[in-house]
Structures are given as structure tokens and as C-alpha cells.
There are 2 protein chains.
Amino acid sequence: MAATIKDVAREAGVAVCTVSFAVNGSAHVAEATKKRIFDAIEKLNYRPNQSARGLVTKKTNNIGLVVEDTVDGLENTILLDVVKGLGEATGDNNYDLLLSFQKPSTNKLADHLLDVYRKQSADGLILMGAAINQPYGELIKNRFPFVLLGRPAMPGVCHSVNADNEQGAYEAVKYLIGKGHRRIALITPCSLEVDASLDRYNGYRQAMEELGGGFDERLVEIGSFEEDSGYTETEKLLNGVERPTAIIAGRDVIASRVVEKAQELGYKVPEDLAVIGFDNTAVSQLARPSITSIELPMRQMGLEAAKLLMQLIDGEIRFDDIQTIVLPCTVIEREST
Amino acid sequence: MAATIKDVAREAGVAVCTVSFAVNGSAHVAEATKKRIFDAIEKLNYRPNQSARGLVTKKTNNIGLVVEDTVDGLENTILLDVVKGLGEATGDNNYDLLLSFQKPSTNKLADHLLDVYRKQSADGLILMGAAINQPYGELIKNRFPFVLLGRPAMPGVCHSVNADNEQGAYEAVKYLIGKGHRRIALITPCSLEVDASLDRYNGYRQAMEELGGGFDERLVEIGSFEEDSGYTETEKLLNGVERPTAIIAGRDVIASRVVEKAQELGYKVPEDLAVIGFDNTAVSQLARPSITSIELPMRQMGLEAAKLLMQLIDGEIRFDDIQTIVLPCTVIEREST
DNA sequence: CTGAAAGCGCTTACAG
DNA sequence: CTGAAAGCGCTTACAG
């Protein structure tokens, strides 16, 4: 039904390969001939069949995006920004996005990931989420281009793009110190993606040592992924000997609970207690007072990941020349500080 | 580099077509032979090359998902639920999702949409968003399977899956009446997707007439997509002659502004004023008090859309046998009512 | 600058 | 139940 290259060639009165040359710019074609060809293409609404083209060029022009469906729906909002960034980068380069969004429980994720590679339905892969660990081996062995996105770098092993969580936490402390705070506490979520939490903890600690006159472990509470994580930690901190004037929470949700509990205990935010969250999700915008938060540049991360992957695919960057891109976080100021 | 069907045939000591038959179950193969073949496949990590297969079968096993990037980031959360639903339906059927997420401004969307069809990179299309109108013609003329998702049905023209916004609004009124309310107001957002707002308005009106003892237009305010839409409308309603005891807002964001303004004016929620939002987004969960909201079954909509599309692709449903699937909304009860 | 031909990796009648 | 062969729609050396 759909027009083929043969139809175009017949319509334009040229050989099939001439059409191919004109379409791909892979050889010079006389202007007059070109015009006839493009007129025919226009008339027939011809587009090269992707399967046929892919079969001979060994390229699909697809980028596979494999995402682990996290338990926490809220964090998924972030995914959309990433997808936008990816879209920006790929759209201009005629790449399409092959999306796989699976629960981490089954090993469907790993299976699918490998399938994309084995079936050759994409030219490269972008991997998001925490627990996809096993299948890298086959990809690496066969030098199949892939980029880890939003995960701590595995130095020397995989290409990766991530936010600088350490710097983000550092900035948070710096910002609070600029506001005159000295006793700054941290509630870190005992996250599954332990690494991001660790980076944030390290950034906090370093900033406290360098700028805050020393690190005091009594100002650190370990939260959890529990529904109401944040309440008890806040109470503990506010009733402690070293009552903090500011609390940095490892996640926006926790930050909103800090605010609630503080108000409940009679403290005013931000007057008596400043609060900063992490990730700049909807929570921080919608809370009353709205909550200052550390924004991760998800969109730019998506953009950079796609760019990197395309360079890997095109051979502009060698597979073994492992790239580790780390992008800075920003303090988004709101009412809570 | 990757193993081909020839390699498998050689390894198993059979003809190429026998491998194909075994893999696809398209002809009977002796058990012993099968075993040798699958052993070889396992050993070589063989998967049929999608391009080659697609070229001959005229099937890509891809479903194209074309989404218009709305201005309102919040509403995009909904998209993820849809994607999950799609994933559920397609994952089990060996379909992949080809995602295109573009701004509505350019006509990139329409171009991309047609490209997917013309390049034959997907077997069918799911379309989300408001303003994609032009390109349906070519798809329909060529009987290319596609489903409109979350958009008002175009009866007799396109297959579609949508939420029953009318019923949702009706339920909201019914629920409030059950709580003893009589003067129930509506603030409708003057949305671009005018149709959903209209449906909600109609549902509200019908319910008021049937259950609420009559429709009173003084209880209806037309909001807007402005940043702070909701404040003035609330003030107007609460200061009016027919002061309502409950307000239904056409969007959760507006509902949250209704709550704020009401509290500011000294009314207690829900004691003095009950508030219901629409869409059950993060806003309604995070507001204090949390806001009762009408949930659209986005995940199920995605599921149904994918199922429908696959049936269309497989020819189980004829292209001309236009399907219009409408799924009911649910009241999610929270603190505001 | 353009044409005839081979081949990419599959599937599918067609024989046997 | 299995094999040899044609063909899907492209691209790409190879001639001319």
C-alpha cells in the first residue's frame, strides 16, 4: 500500500539507487534530477521503510530508555523532565525513543534491557533506576553503547550522567549559613538509592566542616522510606540539646513533614526554623509555606545523556573512553527559609 | 557480531526455516529437533533481528505513543499512569512503546505522527493531547490503526478511550448531597480542552437538576488557566446571595485556591465549606486539609487504549467498527468534605 | 553522474 | 516433518 523506493524511481524516471542517493545525500545527484525525485516523493508521500533501511545499515535510529518504576509515584515526575530533555536532543537528530517502564520486582527489566540489545531494536540504551545491575556484562562485552542516568557513577565501567548531590547539599548548607544559621541539621532518608543519600550526607558534612565551624553528628538523623518519616526525627532534633535553627531534609516529602511537626510544636517556619528539601518536586511548591528545595537539573541530564549516547553510537566517542558527566544542583528559594 | 538465524541453524544442524518455524511456532517441529534448536539459541543468545523480521512480516511490534507536552507540568503526572497502563498491556504481548513527547507549538507533533506511520516504524498509534487535529485524514484514508486517548470522542470518526467527565461531576454532586449539602457551586476552568470542562459542567448541571432541587446559574463561576484562578471566584461565591456550602472545582489546583481563600475569609474547611477537586493529582493529597477529588482512571485508560489498539492491529476489530470506550471516575474522599 | 546487482536477516509458500 | 529458494525494501560497492 505505502509507496516504496521503486515507485518513486518509476515516478521520477530514474534508477532506484539514484533515489537513495538523493534522499540520503550519499552521492551527488544533478539538481534537475533531484527536483524530479523530491516531487515524486512529495506526491507519493514516500518515506523510507525503517525496517528495510535498518536491515542494511544496521541502525534503527531508536534509543532505548529503560526505566525502573519506583515505588514512590512522586519521584516519577522527574522522569518527565528527563524525557523532555531526551526528546530535545533526539528529536533534532531523527532518533525515536523506545520506552520501557517496568516494575523492578520481576527481572522483566533486565530481560527487556537485554532484548532491546539482542533484537537490535535500538542503537543504544539509557538506563534509569536503582537496581538494574546484572545485565551490564553482556552489553560491555559487546561494546553496546549505553549510559547510566541519575545513578552514581561506576568509575571506569559505565558512561554516566548524574546530578552532583554532594555539591547540592553543600550549597544548601552554604545558603543557610549565608542567612546566618549555624546549627544546621540533616535528616537523611535511608534510601534504596543509598548512594544519592550518601553523597548528600558527604556534601553536608564537608560544608559544615569547611564553613559551619565543624560537623556535629548529633545534628544528623537517619530517616526512612516509611510513610511518616520525618516527624519523629524532627521532634528529636527540636527537643535535643543542640536545637537546630535550620533543617535540611533529604527529600521534599520529609521536608514537608518537618514543617508540619515544627508548627505543631509551636515553632514558626521560617522564623524559628528554616527548612530545605531536596529534588524540587511538586511537594515543595505546594506546601504552605512553600519549601526551599535543591533542584536537580533533570531536563539537562536527559539532554546530556542523549547527546552522549548519540556520540557513542556515531563513534565520536570511543566506548572505552568512559565519560562521567556530573551536573550541578541549584537552590530554589521559597518561603521556608 | 550478533548471532543470526543461520548461525543457529548451523549450530543445531537444521535448515534455516526449521529454526524459524520453531521460534515462531508457525509449523510443527519434532520435539528432539526443537530441543537442539533452543539449546543453540540459548548458547548463542540469539534473538530474531527486528528489522529483518519487520521487513517481511510488515510488523514492527511497536506502538507509537504521541503526546502533546502540556503547559501545565502537573497534569503530566497523569501521563505516567497512562504509560504504566500501556506497559501492562503491551509488555505481555511483546509490543514496545515508541514515545514522542513534543510541544504543541510547532507542528513537529503532526509531522512526527505522520512519520511514524509513513516510515512504518510502528503498527499503530495512540494519541494524547488537545490540539492534534489535522493529520487524522491520511491515517483514516489508509486505515492505519490509531486510538485517541483522554480526548472527547469524535463519534463515528476515531476510536477513542476517555474518562467519563460528565459522570464524574455528577458523582461529585451526588456525594455532596449525600453529605447534606444543597447549595453546591461549580468553578469551571476555561480550559483549552474545553470539552472536558464542558462535560463536567453538564454532569454538574444534570445532577443539580435531578438530585439537587434545581440548577442555579448564580452558583457557577468560570475560572481560567491563570496562575491564581480560583481566588476571585471563591470570594465572589462566598460573598454572594446564595452562599454555597460546597464548591466543586474543575481542577485540583483551583480547589486548593478555593480552600486558601475560604480560610482567609474565615470559613473553616470542611465545616463551613466543603471542597472537591478534579483529577486527583498530587495537589489534592498534599494540600492541608487534603482535598477530596474526582479520580480519572488514567492507568486503566492506558490499558484499554493499548488493548483496543492491539485488537485493531490484529484485525480482531475492524477499523470501521468505531469503538468509543468511556470509563467511570471515582470520588476519592479526603479531609475537605 | 547514473544503472544493474548483490545482499542485509528474516519468513513463507512450495516441494519432497 | 524438513529443505531449497524467493522476496520483503532498502543501501552500497562496482561499472560505465
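Okay, let's start with the annotation: an unreviewed UniProt entry lists residues 3-57 of chain A as "domain: HTH lacI-type". UniProt positions here follow the numbering used in this model, feature names are shortened, and annotations may be inferred rather than shown by experiment. Over that stretch of chain A, residues 3-57, the chain is 71% helix and 0% strand, with the end C-alpha atoms 20 Å apart. Helices are DSSP runs of H or I with at least four residues, strands are runs of E with at least two, and both are numbered from the N terminus.

Quick housekeeping. This is a predicted model, where local features need pLDDT of at least 70 and side-chain atom pairs count only at pLDDT 80 or more, while totals for chains, interfaces and linings use all residues. Residues are numbered from 1 along each chain as its sequence is written, chains are lettered from A and ligands numbered from 1 in the order written, and side-chain values use heavy atoms, with hydrogens and water left out.

Now, DNA strand C. It has 27 residues around it, and the closest are A:Ala15, A:Thr33, A:Lys58, B:Ile5 and B:Ser20. "Near" a strand means that a residue has a heavy atom within 4 Å of it. What share of the strand C atoms within 4 Å of the protein belongs to sugar or phosphate? That's 71%, and the rest belong to bases.

On to polar contacts, meaning pairs of N or O atoms within 3.5 Å; within protein, one must be able to donate a hydrogen and the other to accept it, and residues adjacent in sequence count only if both atoms are side-chain atoms. A polar backbone atom of A:Ala15 sits 2.7 Å from a phosphate oxygen of strand C. For B:Ile5, a polar backbone atom is also 2.7 Å from a strand C phosphate oxygen. A:Thr33 uses a side-chain N or O atom, 2.9 Å from a phosphate oxygen of that strand. H2 and H4 of chain A, together with H2 and H4 of chain B, each give two or more residues to this surface.

Next, DNA strand D. Of the 26 residues around it, A:Ile5, A:Ser20, B:Ala15, B:His28 and B:Thr33 come nearest. Here 72% of the strand D atoms within 4 Å of the protein are sugar or phosphate. A polar side-chain atom of A:Asn24 lies 2.9 Å from a phosphate oxygen, and a polar backbone atom of B:Ala30 is 3.3 Å from one. Which part of strand D does A:Ala52 approach with a polar backbone atom? A base nitrogen, at 3.4 Å.
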